[in-house]
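Biologist: Got a minute to walk me through this one? I'd like to start with a pocket and see where we end up.

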Amino acid sequence: KNNAVNIGDSLLVSGTVIEFRNLTEISPVNSINILKKGCPLPNPVVLPTCSLSAVNPNAEAYEGVLVATNKVNVDTVPNTYYEWKVNDGSGPAIIDDFLDSLSNLNYKPVMGDSLVRVQGIFNSLYGWKILPRHAKDIVQYKPVKLIGTIPSNGRANVPAHVSIKLEFDKPLNTATVVPSNFTVTGSRGGS
């Protein structure tokens, strides 16, 4: 029988619930039973950044929960403990990689960066903060950039009826592209 615990397993853990350094823990653990393997992972609880800080008197209700923000801006760069802040306009939330390196996140916070989402486990060790689990927990907002056109921009003597190909720095989501958002400017004269 395979008793190894994996991501997605539903468990029944029994033991004594204690508070250690403001963290709720089960210690000692008396037993761990796997109820079901390979369960779908839960979606994060999406909260405004002001709810993910000490100013929220109900913050402890989310301790140990997978939480996420909506679009946020980076408010501060990492301090000596690699903690940094994001804000959706409602108030700051602290992000901490818990490993003091940021190397597992593949992202270096820059003041003013826009992020689509930050998610992770909500934790209260040394203050309420979000602990991203891996690089996919930080979704950067990177606008799509036009890198080239065919025919090339500025080319003279282009036939009046020609297909135009646009080249972008990353794939576009064809389900969300609106052709009327693209316009051709410049001379349209000629034969």
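Modeller: Sure. Keep in mind that this is a predicted model. The lining of the second largest pocket divides into 3 nonpolar residues, 2 polar and 1 charged.

Biologist: Which residues line the second largest pocket?

Modeller: I7, G8, L41, P42, R133 and H134.

Biologist: And what volume does that pocket have?

Modeller: The second largest pocket comes out at about 200 Å³.

Biologist: Let's stay with L41. Where is it found?

Modeller: L41 sits in the loop between β2 and β3, with β3 covering 45–46.

Biologist: Is L41 buried or exposed?

Modeller: Exposed: its relative accessible area is 52%, and the cut-off for exposed is over 50%.

Biologist: How far apart are L41 and G8?

Modeller: In sequence, L41 and G8 are 33 residues apart, while their C-alpha atoms are 5.7 Å apart in space.

Biologist: OK, zooming out. What does the secondary structure of the chain come to?

Modeller: There are 12 strands and 0 helices. As for burial, 25% of the 191 residues in the protein chain count as buried.

Biologist: Switching to the surface: which residues form the nonpolar patch?

Modeller: V5, L11, V13, V17, I26, V29 and I32, with about 550 Å² of accessible area together. β1 (10–20) and β2 (23–36) each supply at least two of the patch residues.

Biologist: Take I26, then. Where is it, and how exposed?

Modeller: I26 belongs to strand β2. It counts as partly exposed because its relative accessible area is 36%, which falls between the 20% and 50% cut-offs.

Biologist: Now backbone oddities. What joins S27 and P28?

Modeller: A cis peptide bond, with omega at about 0 degrees. P28 is in strand β2.

Biologist: And which residue in the loop between β1 and β2 has a phi near 70 degrees?

Modeller: That's N22, which lies in that loop and has this positive phi despite being a residue other than glycine. R21 is in the loop between β1 and β2 too, and its phi is also positive, about 50 degrees, although R21 is not a glycine.

Biologist: Why flag those?

Modeller: Because most residues other than glycine have a negative phi, and most peptide bonds are trans.

Biologist: Are R21 and N22 buried or exposed?

Modeller: R21 is exposed, with a relative accessible area of 55%. N22 counts as exposed as well, at 58% relative accessibility.

Key: Residues numbered from 1 in each chain as written. Predicted model: local features only at pLDDT ≥ 70, side-chain atom pairs only at ≥ 80, totals over all residues. Heavy atoms only, no water. Patch = residues over 30% accessible without salt bridge, like charges linked within 9 Å, V, L, I, M, F, W, Y side chains within 5 Å. Areas by Shrake-Rupley, 256 points an atom, 1.4 Å probe, with all protein chains shown as cover. Salt bridge = Lys/Arg side-chain N within 4 Å of Asp/Glu carboxyl O. Helix = DSSP H or I, 4+ residues; strand = E, 2+ residues; numbered from the N terminus. Buried < 20%, exposed > 50% of the residue type's maximum accessible area, 1.4 Å probe, protein only. 1 Å grid on protein atoms, 1.4 Å probe; cavity = no way out; pocket = protein on both sides within 12 Å on 5 of 7 lines; lining within 4 Å. Points joined across faces, edges and corners; volume = space filled by probe spheres on them. Nonpolar A, V, L, I, M, F, W, Y, C, P; charged D, E, K, R; others polar.
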